[in-house]
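Welcome to this guided tour. Keep your viewer open and select each stop as you reach it.

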Amino acid sequence: MTDHGRERLDVRIDSPGREGLAGTTPANMYRPLQEAEQVTIAPDWRPMEDQPAWRNDFPIDWPQDHYVERRDFMKFMVLTSAAFTMGQLWIGVQNWYRKRTAQPPVQRIASVDEVAVGGSIGFTYPNEFEPCLLVRLTTSEFVAFGQKCTHLSCAVIPRPTEGSFHCPCHEGRFDLRTGVPTAGPPRRPLTRIVLELRGQDIFAVGVEERT
Amino acid sequence: MPKPDYLHFFIDPNRCIGCQACVQACTECDTHRGESMIHLEFIDRAHSVQTVPVVCMHCEQPTCAEVCPADAIKRTGDGVVQSARKPRCIACGNCVIACPFGVPEVYEDRQIMMKCDMCYDRTSVGKKPMCATVCPSQALFFGTREEVEQLRPMSTPVNRFQFGRQTISTRVFMMLPSDTVTQRPYVDVTAAMSEQPRERAITLTPVENADPFAEVEL
């Protein structure tokens, strides 16, 4: 029986070095194996150079299928970073346009007498889909914020006794005076409505989106 | 870790006794969820009880992978054609129609093709596939070429199959009587299927004083 110049495998399960073979054979059991680079033989038995290009693009063999060329990797890196750069530029352009758009028209909310100290009234500004709250903190102090919680747009409820807006959906809290988040999931402050006092009437004159 | 390249799978159909042990052993394995990947086929059920175990032959030109539209059937560097990749397989059944040996099966309930992968979890660490461990007549034999030469002196392993104009070489060997192989070193499957029994007949000469279950001296 020829040996073909390699170490013969002893198949007896109790031979030295093979104790505990009930599990898996230790990896150093066999001589190191070289992974075959190209094992595919095309169905027409011609060499791979004579094969159509798609056969190289869709290889059957795992090593070729997983192989990533340096050029492909570089292409991926360049295109991905280019996409991120374009995205940043797009955000910048959007911000620039948003700043240039005019503030919404001035709208009368209420007269000073209609809101008690510590009380609040709701209104919509700049359109009917944007509910807002006007809160009278003291005799002379008014604040107004958009009612949409910055977490998931639930309607916040003012709690002047606690000095906060409360969002019942996820127990979010915002400061009553500034609108900054103090507890819960929200991370951005509420949209501030810029107010103006003209005589005895309170007017909304602008919207301040904050981050 | 790849399958050791000096261990091969040898199928000796004329030793098959149809006991279904391979099917049961394959069914018990968890890696393909209780389905048997080995098929035990009757050759000519009307006239004979002869059966043949059908495992994946692991073609060097895998037709199943050639026809796969989803690129799901891949072969590892050691020449083992693996079962369909789960994220890619669309269970279209092209491989089932294309495979000349009739090995792959589509499981509609789990939307995947599963086929024999020569028990890759076992063979890649040098163990025998499940079916080869249980086969009582060793019609399914997994080992070195030297072992099989010693065990089957009248047979020669053949790994070329002719399907009409398609020639396929495989990683799994079929044991054929040596005198047949000297005439024709491949299996002409379509000729064997033809109704005229011109090339079908294979004569077996019994070996004198041979112990069929003799252990190989290593």
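Begin with chain A as a whole: among its contacts between residues at least 6 apart in sequence, 34% join residues at least 24 apart. Here a contact means heavy atoms within 4.5 Å. This is a predicted model, in which local features need pLDDT of at least 70 and side-chain atom pairs count only at pLDDT 80 or more, while totals for chains, interfaces and linings use all residues. Residues are numbered from 1 along each chain as its sequence is written, chains are lettered from A and ligands numbered from 1 in the order in which they are written, and side-chain values use heavy atoms, with hydrogens and water left out.

**Stop 1: chain A from end to end**

Colour chain A by pLDDT, the predictor's confidence in each residue, from 0 to 100. The average for chain A is 82, and 82% of the residues score at least 70. Now select residues 18–28 of chain A, where the pLDDT is below 50; this stretch has 16 contacts in the model beyond near neighbours in sequence. Residues 30–35 of chain A also have a pLDDT below 50, with 16 contacts beyond near neighbours in sequence.

Switch to a cartoon view and you should find three helices and 10 strands in chain A. These are DSSP runs, numbered from the N terminus: helices are H or I with at least four residues, strands are E with at least two. Starting at the N terminus, the order is α-α-α-β-β-β-β-β-β-β-β-β-β. Of the 211 residues in chain A, 28% are buried. With a 1.4 Å probe and protein chains only, buried means under 20% relative accessible area, exposed means over 50%, and partly exposed lies in between.

**Stop 2: salt bridges**

How many salt bridges does a search of the whole structure find? There are 17 over all chains, each one a side-chain nitrogen of Lys or Arg within 4 Å of a carboxyl oxygen of Asp or Glu.

Select A:Arg46 and A:Asp44 to see one of them, at 3.1 Å from N to O. A:Arg46 is partly exposed at 42% relative accessibility, and A:Asp44 is partly exposed at 38%.

Next, pick A:Glu141 and A:Arg177, whose side chains form a salt bridge at 2.9 Å, N to O. A:Glu141 sits in the loop between strand S3 (131–136) and strand S4 (142–146) of chain A, and A:Arg177 in the loop between strand S7 (172–175) and strand S8 (181–183) of chain A, so the pair ties together parts that are 36 residues apart in sequence. Both are partly exposed: A:Glu141 at 33% and A:Arg177 at 45%.

Move to chain B for B:Asp109 and B:Arg110, which meet at 3.2 Å, N to O. B:Asp109 is exposed, at 61%, whereas B:Arg110 is buried, at 18%. Back in chain A, salt bridges with shared partners link A:Arg108, A:Glu114 and A:Asp201 into one network.

**Stop 3: unusual backbone in chain A and chain B**

Most residues other than glycine have a negative phi, and most peptide bonds are trans. Select A:Tyr125 and A:Pro126: the peptide bond from the former to the latter is cis, with omega near 0°. A:Pro126 lies in the loop between strand S2 (120–124) and S3 of chain A.

Then go to A:Ser153, which is not a glycine yet has a positive phi of about 65°. A:Ser153 is in the loop between S4 and strand S5 (157–159) of chain A, and is partly exposed at 48% relative accessibility. In chain B, B:Gln138 also has a positive phi, near 55°, and belongs to the loop between helix H5 (130–134) and S6 of chain B.

**Stop 4: a sheet in chain B**

Stay with chain B and show its open sheet of five strands, ordered S6-S1-S8-S7-S9 with mixed pairing. Two strands pair if DSSP finds at least two bridges between them. Which strands stand at the edges? They are strand S6 (140–143) and strand S9 (187–188) of chain B, each with a single partner strand, so one side of each is left without a neighbour in the sheet.

Zoom in on strand S7 (residues 155–163) of chain B, which pairs with S9(B) in the parallel sense over two bridges. Here B:Gln162 stands opposite B:Asp188 in S9(B).
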